[in-house]
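Please load the model in your viewer, colour the chain by secondary structure, and keep a selection panel open. The stops below say what to select next and what is to be found there.

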Amino acid sequence: MAPVYKLKFFNFMGVAEPIRYLFAFGGISYKNIEIEDADWPDVQKSVPFGKLPVLEVDKKVLYQSVAISRYLGKLVGLLPNDDLEAAELDAIALTVFDFGTKVHEWYHEQDKEKKLYLQKELEERWCPRYLGDLEEIVKQKGTYFGGQKLSWADLYFVGIMESIEGMWGSKILEKQYPSLFTIYKHVHEIPAIETYVSNRPHYKY
Ligand SMILES: N[C@@H](CCC(=O)N[C@@H](CS)C(=O)NCC(=O)O)C(=O)O
């Protein structure tokens, strides 16, 4: 019998969005549980390291968005058999997560001056560093992060980018990062993803 999947996160895209993409891609049903602010203190005590997302697979609890996405990636046929290629994709997803952390830090900064500083850092330092290097990797590999074949790392990247664009307030890839934009477009053109995106709740970021 297929396991029962329960994804616990909040009512935004964040690091859970790639997981939702992967479920959609594989046509796997799952319960998308959005924790309300009022319930968070209690839920926090019950989850590993006090963080979300977690994915319950029957009675087992998986945490860390990259590990969860890799697990689902294998399940839906988006993980290469070759261990070295698989590790390269882990590195991509972890790098995408690192970039997301920089944007998250800027987005939630309350101090005006510090926020301006972080914005400048993002524009002048972190976008060229992360997106620039990721763009080069794709250019050398072919169409996707893994070469010619779509992988879970592509879905991880696009899910996180959608959340990042929600925070940033505008599109980021089209003008300066054409290879990354191609991945973004291809992933959104996958019928199951297209259907998921057009039916999902209104997530701000
Ligand atoms: N590296 C973790 C990050 C998890 C994380 O930081 N989750 C945040 C939401 S994006 C969280 O649970 N924040 C609530 C809190 O720390 O109180 C992952 O990728 O899953």
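Begin by selecting the hairpin of strand 3 and strand 4, which has two residues between the strands, and note that Asp 58 in this hairpin takes a positive phi near 50°. The strands named here are DSSP runs of E with at least two residues, the helices are DSSP runs of H or I with at least four residues, and both are numbered from the N terminus. This is a predicted model, in which local features need pLDDT of at least 70 and side-chain atom pairs count only at pLDDT 80 or more, whereas totals for chains, interfaces and linings use all residues. Residues are numbered from 1 along each chain as its sequence is written.

Extend the selection to residues 54-57 (strand 3) and residues 60-63 (strand 4), which run antiparallel and are joined by four bridges; two strands are taken to pair if DSSP finds at least two bridges between them. Within this pair, Val 54 has Tyr 63 of strand 4 as its bridge partner.

Now add strand 1 (5-9), which pairs with strand 3 in the antiparallel sense over four bridges. Tyr 5 has Val 57 in strand 3 as its bridge partner. Strand 1 is also joined by four bridges to strand 2 (residues 31-34), and these two run parallel; here Phe 9 stands opposite Glu 34 of strand 2.

Next, select the loop between helix 2 (40-46) and strand 3, where Pro 53 is found. The peptide bond from Leu 52 to Pro 53 is cis, with omega near 15°. Phe 49 lies in the loop between helix 2 and strand 3 as well, and although Phe 49 is not a glycine, its phi is positive, near 60°. Phe 49 is exposed, having 9 other C-beta atoms within 10 Å; a residue is called exposed if 12 or fewer other C-beta atoms lie within 10 Å of its own, buried if 20 or more do, and partly exposed in between, with C-beta atoms placed from the backbone.

Move on to the loop between strand 4 and helix 3, which holds Gln 64. Gln 64 likewise has a positive phi, of about 75°, without being a glycine, and with 17 C-beta neighbours inside 10 Å it counts as partly exposed.

Which residues surround the ligand? Select Gly 14, Val 15, Lys 51, Leu 52, Pro 53, Gln 64, Ser 65, Val 66 and Phe 97, where a residue is near a molecule if its C-beta atom, placed from the backbone, lies within 6 Å of it. This shell divides into five nonpolar, three polar and one charged residue; Ala, Val, Leu, Ile, Met, Phe, Trp, Tyr, Cys and Pro count as nonpolar, Asp, Glu, Lys and Arg as charged, and the others, Gly among them, as polar.

Colour the chain next by its division into domain 1 (5-77 + 193-199) and domain 2 (83-189), with bounds that come from an automatic or database domain assignment. The centres of the two domains, taken over C-alpha atoms, are separated by 20 Å. Each side of the contact takes 17 residues, from domain 1 and from domain 2, two residues being in contact if their C-beta atoms, placed from the backbone, lie within 7 Å. On the side of domain 1 that touches domain 2, helix 1 (17-26), helix 3 (65-75) and helix 9 (191-199) each supply at least two residues, and helix 3 gives the largest share, six residues. By class, that side of domain 1 has 10 nonpolar, four polar and three charged residues.

Stay in this region and select Asp 90, which lies in helix 4 and touches Val 66 and Arg 70, not counting residues up to four places away in sequence. Asp 90 is partly exposed, with 17 other C-beta atoms within 10 Å.

Finish with the largest nonpolar core, a set of 47 residues in which Trp 152, Leu 155 and Phe 157 touch the most other members; such a core consists of buried Ala, Val, Leu, Ile, Met, Phe, Trp, Tyr and Cys residues joined through C-beta atoms within 7 Å. Helix 6 contributes the largest share of this core, nine residues. Domain 1 and domain 2 both give residues to this core, so it lies between them. Centre the view on Trp 152, whose contacts, leaving out residues up to four places away in sequence, include Leu 22, Ser 69, Arg 70 and Leu 89.
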